[in-house]
Amino acid sequence: MGTDRTSTSARVFTPLDPHSRAETVVRRLTDAITFGLLTDAEQLPSEADLAAQLGVSRVTVREALVTLRQQNLVETRRGRGGGSFVRAPAAGHAPSLRARLAAMSLPQLRDTADHYAAIAGAAARLAAQRADTDDVRRIREELDARGRPLHRVERAFHLEVAAVAQSARLAHEEVAFAAELGTLLWSPIVPADGDAFDPHADHTRIVDAIAAGDDDRARRLTEDHVARAVERLVNLHLTLVDP
């Protein structure tokens, strides 16, 4: 009993979010660009509009844009028709993702992944209970989209399953995860693992379970899918940190 109380009290003193507001804006926009939510040459809202939409000061937005320009993810043009425009991630973007992964501790990585597996599994279970024919068709359409990189398919797939689950809290958690670890978990920087990880086959089996209304199978398949992705990410993490 005393141990439980000590453990609970200790949570009060766990580290706060180490990221400044400008860093948070940088991560939000970097993830959106990486996953194609913001496309190449797309114009960003003005500094004032970005500040209002993100709930931060213009100084914070300006600081974030400076960082994004230094990473070649944004280009700012002056004069008539000017503004800040997205630049598609270059090959040189991979080192920043690797640096971000290396900065995480292994326990932090596994804890976040465990949390996400629970969220994604619960969303798949509810989706199997609540999906109608149109819902299943929309999920399959996400899988059938040709020419999209796998990491974008992954994100769209899991967001669609969360939407079909009809749980605003789970959908919110799915979006929050995408900002915290999704860019890394589904990132193209994670090397392929031969036949050990076949995301297309995993997705198909999950959708089949949802369509059949088999909620336990949909949850289990989703948790297994996330677990395999996490192991690939952990293996990459171990190559980036000192033993």
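Helices of at least four residues and strands of at least two are taken from DSSP runs and numbered from the N terminus. On that basis, this predicted model has a chain with 11 helices and 2 strands. Read from the N terminus, the elements follow the order α-α-α-α-β-β-α-α-α-α-α-α-α. The chain has 243 residues, of which 40% count as buried. Taking contacts between residues at least 6 apart in sequence, 75% of them join residues at least 24 apart.

The two strands are E1 (74-77) and E2 (83-86), and the loop between them holds Gly82. Gly82 has a relative accessibility of 23% and therefore counts as partly exposed, since the partly exposed class lies between the 20% and 50% limits. Leaving aside residues up to four places away in sequence, Gly82 touches Gln43 and Arg77. Gln43 is 39 residues from Gly82 in sequence, yet their C-alpha atoms are 9.0 Å apart in space.

Further along the chain comes helix H7. With 12 residues at 1.5 Å a residue, H7 should span 16 Å, and the distance of 16 Å between its end C-alpha atoms agrees with this. Its buried residues are Asp135, Val136, Ile139 and Leu143. Viewed down the axis of H7, these buried residues fall within an arc of 95°, so they line one face of the helix. An α-helix has 3.6 residues a turn, so residues three or four places apart point the same way. The cover over the buried residues of H7 includes helix H6 (106-130), H8 and helix H10 (199-211).

Of these neighbours, H8 can be followed in detail. H7 covers residues 133-144 and H8 residues 150-164; the two pack at an angle of about 170°, with their axes 9 Å apart. Angles over 145 degrees count as roughly antiparallel, and H7 and H8 are therefore roughly antiparallel to each other. On the H7 side, the contact is made by Asp135, Arg138, Ile139, Glu142 and Leu143, which meet Val153, Ala156, Phe157, Glu160, Val161 and Val164 of H8. By class, the residues of this contact comprise 7 nonpolar, no polar and 4 charged.

One of the charged residues in this contact is Glu160, which lies in helix H8. Is Glu160 buried or exposed? Its relative accessibility is 16%, so Glu160 counts as buried, the limit for that class being under 20%. Apart from residues up to four places away in sequence, Glu160 touches Arg138, Ile139 and Glu142. Among these partners, Ile139 is also one of the buried residues of H7.

Terms used. Residues are numbered from 1 along each chain as its sequence is written. This is a predicted model: local features need pLDDT of at least 70, side-chain atom pairs count only at pLDDT 80 or more; totals for chains, interfaces and linings use all residues. Side-chain values use heavy atoms; hydrogens and water are left out. Axes are lines fitted to C-alpha atoms, for helices over the stretch in contact, and angles run from 0 to 180 degrees between N-to-C directions. Angles under 35 degrees count as roughly parallel, over 145 as roughly antiparallel, 65 to 115 as roughly perpendicular and the rest as oblique. Contact means heavy atoms within 4.5 Å. Buried means under 20% relative accessible area, exposed over 50%, partly exposed in between (1.4 Å probe, protein chains only). The expected span of a helix is 1.5 Å times one less than its number of residues. The arc is that of the directions from the helix axis to the C-beta atoms.
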